[in-house]
Amino acid sequence: RELGGRDCLDYCESRSYKTALISGGTCDCVHSPPPFTSISDGDCPVTCFDNPQQVCGGGGQDGVTSVSVYTRTYEVACSKV
C-alpha cells in the first residue's frame with residue numbers, strides 16, 4: 001500500500017501489527033522492528049506524499065535498503081536494514 005508515515009502505522013495497527021516500515025512510499029507491516037541503523041535523511045530521498053516534510057525511505061545508496069520505521073513509541077525517519 002502507498003501510505004505516508006502515521007497513516008501507514010494506523011493501517012498496520014488495524015491489522016494487528018505494531019510496526020510500519022516505509023520504503024519508497026510503500027507501506028509494509030511487521031510485528032516488530034527489524035535490526036536497523038539510523039542514517040542521514042539524504043539516504044532516504046523519497047518524501048511522504050501526504051507530508052512532504054517527512055521522509056519515507058527510498059532506494060538508498062550502495063545497494064542498501066533505506067526505510068522509515070514507525071511505531072507508537074518512536075519514529076526513525078531514515079534507517080538502513
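Here are some exercises with worked solutions on the predicted model shown above.

**Exercise 1. Getting your bearings**

Work out how many helices and strands the protein has, and in what order they come.

Solution.
Step 1: Start with the count. The protein has 1 helix and 7 strands.
Step 2: Now walk along the sequence. The pattern reads α-β-β-β-β-β-β-β.
Step 3: Add some overall numbers. There are 81 residues in the protein, and buried ones make up 35% of them. The protein exposes about 4,400 Å², and carbon and sulfur atoms supply 47% of that area.
Step 4: Look at the contacts too. Take those between residues at least 6 apart in sequence: 47% of them join residues at least 24 apart.

**Exercise 2. Tracking down the salt bridges**

Find out how many salt bridges the structure holds, and then see which parts of the chain they tie together.

Solution.
Step 1: The structure holds 2 salt bridges.
Step 2: Take the pair of aspartate 10 and arginine 72, whose side chains meet at 2.4 Å, N to O. That fits the cut-off, since a salt bridge needs the nitrogen within 4 Å of the oxygen.
Step 3: Place both partners. Aspartate 10 sits in helix 1 (residues 5-13) and arginine 72 in the loop between strand 6 (66-70) and strand 7 (75-80), so this pair ties together parts that are 62 residues apart in sequence.
Step 4: Go on to the pair of glutamate 13 and arginine 72, with 2.9 Å from N to O. Glutamate 13 belongs to helix 1 and arginine 72 to the loop between strand 6 and strand 7, so here the parts tied together are 59 residues apart in sequence.
Step 5: Put the pairs together. Because the salt bridges share partners, Asp10, Glu13 and Arg72 join into one network.
Step 6: Check how open to the outside these residues are. Aspartate 10 is partly exposed at 40% relative accessibility, arginine 72 is partly exposed at 47%, and glutamate 13 is partly exposed at 32%.

**Exercise 3. Strand 1 and its partners**

Which strands are joined to strand 1 by bridges, and in which direction do they run?

Solution.
Step 1: Look at strand 2 (residues 26-30). It runs antiparallel to strand 1, and 5 bridges join the two. Among the residue pairs, leucine 21 stands opposite aspartate 28, and serine 23 has threonine 26 as its bridge partner.
Step 2: Check the turn. The hairpin of strand 1 and strand 2 has 2 residues between the strands, and glycine 24 there takes a positive phi near 65 degrees.
Step 3: Move to strand 6. It is also antiparallel to strand 1, with 3 bridges between them. Isoleucine 22 has serine 68 in strand 6 as its bridge partner.
Step 4: Ask how covered strand 1 is. In strand 1 (residues 19-23), 4 of the 5 residues are buried, so the strand is largely enclosed by the rest of the structure.
Step 5: Zoom in on threonine 19, which lies in strand 1. Threonine 19 is buried, with a relative accessible area of 1%; the cut-off for buried is under 20%. Leaving out neighbours within four places in sequence, its contacts include Cys12, Asp28, Val30, Pro33 and Tyr70.

**Exercise 4. Inside the core**

Say which residues form the largest nonpolar core, and which element gives the most to it.

Solution.
Step 1: List the members. The largest nonpolar core has 10 residues: Leu3, Cys8, Leu9, Cys12, Ala20, Ile22, Cys27, Cys48, Cys56 and Tyr70.
Step 2: Sort them by element. Helix 1 and strand 1 are the elements that give two or more residues, and helix 1 gives the most, with 3 residues.
Step 3: Recall the background. In soluble globular proteins, nonpolar side chains tend to be buried together.
Step 4: Try one member, cysteine 8, which lies in helix 1. Cysteine 8 is buried, with a relative accessible area of 0%.
Step 5: See what surrounds cysteine 8. Not counting residues up to four places away in sequence, cysteine 8 touches Leu3, Ala20, Leu21, Ile22, Cys27 and Asp28.
Step 6: Finish with a distance. Cysteine 8 and threonine 26 are 18 residues apart in sequence, and their C-alpha atoms are 8.8 Å apart in space.

Notes: Residues are numbered from 1 along each chain as its sequence is written. This is a predicted model: local features need pLDDT of at least 70, side-chain atom pairs count only at pLDDT 80 or more; totals for chains, interfaces and linings use all residues. Side-chain values use heavy atoms; hydrogens and water are left out. Buried means under 20% relative accessible area, exposed over 50%, partly exposed in between (1.4 Å probe, protein chains only). Two strands pair if DSSP finds at least two bridges between them. A nonpolar core is a set of buried Ala, Val, Leu, Ile, Met, Phe, Trp, Tyr and Cys residues joined through side-chain atoms within 4.5 Å. Contact means heavy atoms within 4.5 Å. Accessible areas come from the Shrake-Rupley method with a 1.4 Å probe; for residues, only the protein chains shown count as cover.
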